[in-house]
Amino acid sequence: EIDRGLCRACGRCVDACLSEARVISGKTMTVDEVVEIVRKDELFYRNSGGGVTASGGEPTYQPGFLKQLFSQCQSYGIHTTLDTCGYVKWEVMAEILDYVDLVYYDLKHMDGERHKELTGVDNELILDNARRISQSGKPMVIRLPLIPGCNDSEENIKAVAEFVTKMKVERVDIIPFHQLGSKKYERLGLTYKLAQVKPYQEDEIQAFKDTLQSYGLEVSIA
């Protein structure tokens, strides 16, 4: 067992564990080092139409690194996708978009007050950035992570649809709640607050999809 109250994140336990049961996850890398790894799969990208996706946490919180990474990828003909929550100053987002081929954009809740209750911030900046990206002509996919009792009301689903129909988007991806992350919390000694929440049934997910499609949207289930 681990007493996390004593942990100072110094990493010395890794060196002390002879069975190598403990490891440091993640490491500091330069843009060149990342691109070197990315380029090993260039052939697969060309054959599949795939590429590199920067996702979360929130990649726009490291804008300098991200711009350099995407710029180098594009110089080698590698497709770049930004997966973002959209909570970033437009000036920063605009600079990054110059090196982005596709945007995956999260919409968590359309009501500003409820959005703040769930995430800690309101959604004004997020919605404004979504409009600006659409107006820029950059290809964009709206991603809708749905969590029971949080943002899956009919009112919110329809509000999302009404908002998205006013923009130019490739499609809307529904991302239904699941319990795949519960074991990670357990291993980290953290309390998983949604442990008792049941994942959606197929007919419930289909109902969400039907509602969005009724607005003429292209919808897929991720």
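**Exercise 1. Decide how Cys7 and Cys17 stand with respect to solvent and to disulfides.**

Cys7 is exposed, with 52% relative accessible area, where exposed means over 50%, buried under 20% and partly exposed in between, for a 1.4 Å probe and protein chains only. Cys17, by contrast, is buried at a relative accessible area of 18%. The model is predicted, so that local features need pLDDT of at least 70 and side-chain atom pairs count only at pLDDT 80 or more, while totals for chains, interfaces and linings use all residues. Residues are numbered from 1 along each chain as its sequence is written, and side-chain values use heavy atoms, with hydrogens and water left out.

Next, apply the disulfide rule, a pair of cysteine sulfur atoms within 2.5 Å: the count comes to zero. Cys7 takes part in no disulfide, since its nearest cysteine sulfur, that of Cys13, lies 6.4 Å away. For Cys17 the closest cysteine sulfur is also in Cys13, at 7.9 Å, which is too far for a bond.

**Exercise 2. Describe the surroundings of His109.**

Begin with its place: His109 lies in the loop between strand S3 (102-106) and helix H6 (112-119), helices (H or I, at least four residues) and strands (E, at least two) being DSSP runs numbered from the N terminus. His109 counts as buried, at 9% relative accessibility.

Then list its partners: leaving aside neighbours within four places in sequence, His109 is in contact with residues including Arg114, His115, Leu118 and Asn156, contact meaning heavy atoms within 4.5 Å.
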